[in-house]
Amino acid sequence: MDWRDELAMQSGVRRRNEDHQNMKIRVYHDPETWVDARYEVCTGCDGRGKYVNPGIDAGGITGSEMAELGTEFEESYFSGRFDITCQGCDGKRVRLVEIWERVPEEIKDKILAEEEGAMQDAAWERAERMMGA
Ligand SMILES: [Zn+2]
């Protein structure tokens, strides 16, 4: 899977739990449990808010492939014509990230467990969609 697909999946899971107004993230399936969060530059797009559509260059384009595709393609590629909104930050350039030092120990485990579970669910949903279910 391309890293951008993975990023979109992860943030789809996380975005449901973010409260941008109060700068908090809800950590697990408990509406009462929120932890402090801060904005960090999005690592998915390096703060650009967009990246090249993975449908164009999933897995990367090598130098020889680029040569084959021609200069017109190359110019479009680098001018950002194939860019899409970053799925990691929704084009905001920053993401809400929990302030890990302030998260109580017993909640840390739950965060990690929930993220893992949510990723597995998302992977399943995706696999089912691809099979046309
Ligand atoms: Zn981003």
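The legends below accompany close-up views of a predicted model.

**Figure 1. Overall dimensions of the predicted protein.** The protein contains five helices and six strands, which follow the pattern α-β-β-β-β-α-α-α-β-β-α along the sequence. The C-alpha trace spans about 55 × 35 × 20 Å along its principal axes. The radius of gyration is 18 Å, whereas a compact globule of 133 residues would have a value near 14 Å. Buried residues account for 12% of the 133 residues. Among contacts with a separation of 6 or more, 77% join residues 24 or more positions apart.

**Figure 2. The two assigned domains.** The domain assignment places residues 1-42 and 94-128 in domain 1, and residues 50-85 in domain 2. Taken over C-alpha atoms, the centres of domain 1 and domain 2 are separated by 30 Å.

**Figure 3. The four-stranded open sheet.** The strand order is β1-β2-β3-β6, and the pairing is antiparallel. Strands β1 (18-19) and β6 (94-98) each have a single partner strand and stand at the edges, so one side of each is left without a neighbour in the sheet. Strand β2 (residues 24-26) pairs with β3 over three bridges in the antiparallel sense. On the other pairing of β3 (residues 34-41), five bridges join this strand to β6, and the two run antiparallel.

**Figure 4. Bridge partners along strand β3.** Lysine 24 has aspartate 36 of β3 as its bridge partner. Alanine 37 is partnered by glutamate 98 in β6, and valine 41 by valine 94, also in β6. In a regular strand, side chains alternate between the two faces of the sheet.

**Figure 5. The largest nonpolar core and the surroundings of tyrosine 51.** Five residues form the largest nonpolar core: Cys42, Cys45, Tyr51, Cys86 and Cys89. Nonpolar side chains tend to be buried together in soluble globular proteins. Leaving aside residues up to four places away in sequence, tyrosine 51 touches Arg4, Gly44, Cys45, Asp83 and Cys86. Of these contacts, Cys45 and Cys86 are also members of the core.

**Figure 6. Two residues other than glycine with positive phi.** Aspartate 46 is not a glycine, yet its phi is positive, at about 55°. This aspartate 46 is located in the loop between β3 and β4 (50-52). Only 11 other C-beta atoms lie within 10 Å of aspartate 46, and the limit for an exposed residue is 12 or fewer, so aspartate 46 is exposed. Arginine 93 likewise has a positive phi, near 75°, in a residue other than glycine. The loop that holds arginine 93 lies between β5 (83-85) and β6. Arginine 93 has 17 C-beta neighbours inside 10 Å; because this count falls between the limits of 12 for exposed and 20 for buried, arginine 93 is partly exposed.

**Figure 7. Helix α4 and the glycine that follows.** Helix α4 comprises nine residues (residues 71-79), of which the number buried is zero, so the helix lies largely in the open. Glycine 80 comes after α4 and has a positive phi near 90°.

**Figure 8. Threonine 62 in the loop between α2 and α3.** Threonine 62 belongs to the loop that links α2 (54-57) and α3 (63-69). With 9 other C-beta atoms within 10 Å, threonine 62 is exposed. Measured by C-alpha positions in the model, threonine 62 and glutamate 116 are 33 Å apart in space and 54 residues apart in sequence.

**Figure 9. Methionine 119 and glutamine 10.** Methionine 119 is part of helix α5 (residues 105-130). An α-helix has 3.6 residues a turn, so residues three or four places apart point the same way. Methionine 119 has 14 other C-beta atoms within 10 Å and is partly exposed. Although 109 residues separate methionine 119 from glutamine 10 in sequence, their C-alpha atoms are 6.6 Å apart in space.

Notes
Residues are numbered from 1 along each chain as its sequence is written. This is a predicted model: local features need pLDDT of at least 70, side-chain atom pairs count only at pLDDT 80 or more; totals for chains, interfaces and linings use all residues. Two strands pair if DSSP finds at least two bridges between them. A nonpolar core is a set of buried Ala, Val, Leu, Ile, Met, Phe, Trp, Tyr and Cys residues joined through C-beta atoms within 7 Å. Two residues are in contact if their C-beta atoms, placed from the backbone, lie within 7 Å. Domain bounds come from an automatic or database domain assignment. The radius of gyration is taken over C-alpha atoms; the globule rule is 2.2 Å times the number of residues to the power 0.38.
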